[in-house]
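This briefing goes through the backbone, the strands, the salt bridges and the ligand site of one structure. Please read it alongside the sequence and the coordinates.

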Amino acid sequence: MSAGQPASTNSLEGKSPYELRLNQSVSVPESAVKKALESGDMGFVHSFTTGSTVDGPGVRVVAWTAGCLWRCLYCHNPDTWSLMNGLPVTLQRATQEIAQYRHGLQVMHGGFTLSGGEPLMQDRFAVKLFTAAQAIGIHTAIETNGFLGERLSDEELEKIDLVLLGIKTWGAEKHRHLTGKEIGPTLDFARRLAARRRPIWVRFVLVPGLTDDPEDLTQMAKFIADLGNVERVEVLPFHQLGRFKWKKLGLDYTLDDVKPPTLELIKSTCEIFRAEGLKAF
Ligand code: SF4
């Protein structure tokens, strides 16, 4: 099969990102995967969803990419960790998928968001897709953990109108425990975006007993406020919607007994960010 041909007839449109999708690319030869990653002419996408109002401003089309190096304990999409679970989609087809909603997205002050997984695992595809979307007047956003931000040149950053940056917790050790990776590259990416005045919305998942230490949150809030380019902090309550995926994939899920945060905890967490002059919801 050539790199330009989809391996599967699966629908691009997913019911939601919580739909379990596996092995959509197993028949794509390794050489074609490598070529696709290098060129960005084909991407590996879990699914597309339309009409999202929670993945950036306005109403949005969201593409959920496959591939992530992190292993967040609360990840609700562990089926997106493997690139092979993504459906191979040509750049042309992905662009068409977005372009068909162009008018509606503009009317509803929305746009296109690339999420995942970690979209910068497929940085060439991401840049080409953002370039194509921007060229037809569609607002672009990326939801990223920032770890691979160095893969983007300064010029390429201009193709992204908004970065939804996941800051998972505070402190080197806690970050390694929660995600399996270092926090440094994420913070470096945030600083770089700040230096270039690229807008950020920070996304933070509030997990009782795991990410709710007020001292940590205060430090995180100070860092975010000092950046000067963060338009809002979204405090996302932990939930158990992705637990079934861990079980189906035979993964060891350690948060079985963790409850979603109470309203009081959500409010007090938002207050910590607001105390540093940030907008927090
Ligand atoms: S960075 Fe996102 S996709 Fe990757 S493991 Fe963490 S929550 Fe899951």
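His109 is placed in the loop between helix H3 (102-107) and S4. The model is a predicted one. In it, phi of His109 is near 50°, a positive value in a residue other than glycine. Most residues other than glycine have a negative phi, and most peptide bonds are trans.

**Backbone geometry**

- His109 counts as exposed because its relative accessibility is 64%, and exposed means over 50%.
- Arg197 is not a glycine either, yet its phi is positive, at about 55°.
- The location of Arg197 is the loop between H7 and S7.
- With a relative accessibility of 71%, Arg197 is classed as exposed.
- The peptide bond between Gly116 and Gly117 is cis, with omega at about 15°.
- Gly117 belongs to the loop between S4 and H4, and Gly117 is also one of the residues around the ligand.

**Strand S4 and its partners**

- All five of the five residues of strand S4 (residues 111-115) are buried, so the strand is largely enclosed by the rest of the structure.
- S4 pairs with strand S2 (residues 60-65) in the parallel sense, over five bridges.
- Within that pairing, Val61 has Phe112 of S4 as its bridge partner.
- S4 is also joined to strand S5 (residues 139-144) by four bridges, and these two strands run parallel.
- Thr140 in S5 stands opposite Phe112.
- Phe112 therefore has a listed partner in S2 and another in S5, namely Val61 and Thr140, as part of a strand whose residues are buried, five of five.
- In a regular strand the side chains alternate between the two faces of the sheet.

**Salt bridges**

- The structure contains 22 salt bridges.
- One of them joins the side chains of Lys128 and Asp41, at 2.8 Å from N to O.
- This pair connects distant parts of the chain, 87 residues apart: Lys128 is in helix H4 (residues 123-135), and Asp41 is in the loop between helix H1 (30-39) and strand S1 (42-52).
- Lys128 is partly exposed because its relative accessible area is 33%, and Asp41 is likewise partly exposed, at 42%.
- Glu158 and Arg196 also meet through their side chains in a salt bridge, at 3.4 Å from N to O.
- Glu158 is in the loop between helix H5 (154-157) and strand S6 (162-166), while Arg196 is in the loop between helix H7 (184-195) and strand S7 (200-206), so their bridge ties together parts that are 38 residues apart in sequence.
- Glu158 is partly exposed at 34% relative accessibility, and Arg196 is partly exposed with a relative accessible area of 32%.
- Asp188 and Arg191 form a further salt bridge, with their closest N and O atoms 2.9 Å apart.
- Both Asp188 and Arg191 lie in helix H7, where three residues, about one turn of the helix, separate them in position.
- Asp188 has a relative accessibility of 47% and counts as partly exposed, as does Arg191 at 43%.
- A network of salt bridges with shared partners joins Asp55, Glu143, Arg203, Arg232 and Glu234.

**Ligand site**

- The ligand occupies the largest pocket.
- Which residues are around the ligand? They are Cys68, Trp70, Arg71, Cys72, Cys75, Trp81, Gly117, Asn145 and Lys168.
- By class, this shell consists of five nonpolar, two polar and two charged residues.
- Cys72, one of the residues around the ligand, has its C-alpha 7.0 Å from the C-alpha of Gly180, although the two residues are 108 apart in sequence.
- Gly180 sits in the loop between helix H6 (172-179) and H7.
- The relative accessibility of Gly180 is 49%, so Gly180 counts as partly exposed.

Key
Residues are numbered from 1 along each chain as its sequence is written. This is a predicted model: local features need pLDDT of at least 70, side-chain atom pairs count only at pLDDT 80 or more; totals for chains, interfaces and linings use all residues. Side-chain values use heavy atoms; hydrogens and water are left out. A residue is near a molecule or strand if one of its heavy atoms lies within 4 Å of it. On a 1 Å grid over the protein atoms alone, a cavity is a set of points where a 1.4 Å probe fits but cannot get out, and a pocket is an open set with protein on both sides within 12 Å along at least five of seven lines; lining residues have an atom within 4 Å of a point. A molecule sits in a cavity or pocket if more than half of its atoms lie within 2 Å of its grid points. Ala, Val, Leu, Ile, Met, Phe, Trp, Tyr, Cys and Pro count as nonpolar, Asp, Glu, Lys and Arg as charged, and the others, Gly among them, as polar. A salt bridge is a side-chain nitrogen of Lys or Arg within 4 Å of a carboxyl oxygen of Asp or Glu. Buried means under 20% relative accessible area, exposed over 50%, partly exposed in between (1.4 Å probe, protein chains only). Two strands pair if DSSP finds at least two bridges between them.
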